[in-house]
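Okay, thanks for squeezing me in. Let me put the structure up and then talk you through the parts I looked at.

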Amino acid sequence: MATCDMCGNEYAHTFTITKDDGAKGTFDSFECAVHAMAPRCAHCGCTVLGHGVEIDDKTYCCSHCARVTTGARITDSVGV
Ligand SMILES: [Zn+2]
Ligand SMILES: [Zn+2]
């Protein structure tokens with residue numbers, strides 16, 4: 001039995017996540033893990049669950065948010 005760092009639930013099937021900077025967390029659900037550890041978009045604040053876009057150590061949810069914040073010339077798709 002371990003306790004979820006986010007909600008405090010004691011649960012038999014917790015799991016632990018270790019990030020590359022050494023930060024660790026024990027959680028009873030992915031919901032709690034996401035709430036506690038997922039990056040937030042530096043422009044709109046939404047949770048970044050996919051790869052996102054990283055510019056100058058900041059994470060954005062999509063190229064739009066990265067573009068309007070940094071001026072980077074990136075796009076989600078390349079058309080004709
Ligand atoms: Zn929890
Ligand atoms: Zn965003």
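I'll go through the metal sites, then the nonpolar cores. Keep in mind that this is a predicted model.

So, ligand 1, a zinc ion. What are its protein donors? They're C4, C7 and C32 through SG, plus D28 through OD, and they lie 2.1 to 2.4 Å from the zinc. The 4 donor atoms subtend angles of 93 to 123°, and that makes the arrangement tetrahedral. Along the chain, the spacing of these donors reads C-x2-C-x20-D-x3-C.

Have a look at where two of them sit. C7 is in the loop between β1 (2-3) and β2 (10-11), while D28 is in the loop between β4 (24-27) and α1 (30-37), so this pair ties together parts that are 21 residues apart in sequence. As for accessibility, C7 comes out partly exposed, at 47% relative accessible area. D28 is buried, at 16%, because buried means under 20%.

Next, the zinc ion that is ligand 2. Here the coordination comes from the SG atoms of C41, C44, C61 and C65, at 2.3 to 2.4 Å. This site is tetrahedral too, with angles of 106 to 115° among its 4 donor atoms. The donor spacing in sequence is C-x2-C-x16-C-x3-C.

Again there's a pair linking distant parts of the chain: C44 belongs to the loop between α1 and β5, C61 to the loop between β6 (58-60) and α2, and they're 17 residues apart. Both count as partly exposed, C44 at 44% relative accessibility and C61 at 27%.

Now the cores. Which residues make up the largest nonpolar core? There are 7: C41, V48, V53, I55, Y60, C65 and A66. At least two of these come from β5 (53-55), and at least two from α2 (63-70). Notice that C41 and C65 belong to this core and are also donors to ligand 2. If you skip neighbours within four places in sequence, C65 is in contact with C41, H43, C44 and Y60.

Apart from that core lies another one, of 5 residues, including C4, C32, A33 and M37. C4 and C32 should ring a bell, since both are donors to the zinc of ligand 1. As background, nonpolar side chains in soluble globular proteins tend to be buried together.

So the picture to take away is two tetrahedral zinc sites, with donors that also turn up in the nonpolar cores: C41 and C65 in the largest, C4 and C32 in the other. That's it from me.

How values were computed:
Residues are numbered from 1 along each chain as its sequence is written. Chains are lettered from A and ligands numbered from 1 in the order in which they are written. This is a predicted model: local features need pLDDT of at least 70, side-chain atom pairs count only at pLDDT 80 or more; totals for chains, interfaces and linings use all residues. Side-chain values use heavy atoms; hydrogens and water are left out. A nonpolar core is a set of buried Ala, Val, Leu, Ile, Met, Phe, Trp, Tyr and Cys residues joined through side-chain atoms within 4.5 Å. Buried means under 20% relative accessible area, exposed over 50%, partly exposed in between (1.4 Å probe, protein chains only). Helices (H or I, at least four residues) and strands (E, at least two) are DSSP runs, numbered from the N terminus. Contact means heavy atoms within 4.5 Å. Donors are N, O and S atoms within 2.8 Å of the metal (3.2 Å for Na, K and Ca); water is not among the atoms, so sites may look incomplete. Four donors count as tetrahedral if all angles lie between 85 and 135 degrees; four count as square planar and six as octahedral if opposite donors are over 155 degrees apart and all others between 65 and 115; anything else is irregular.
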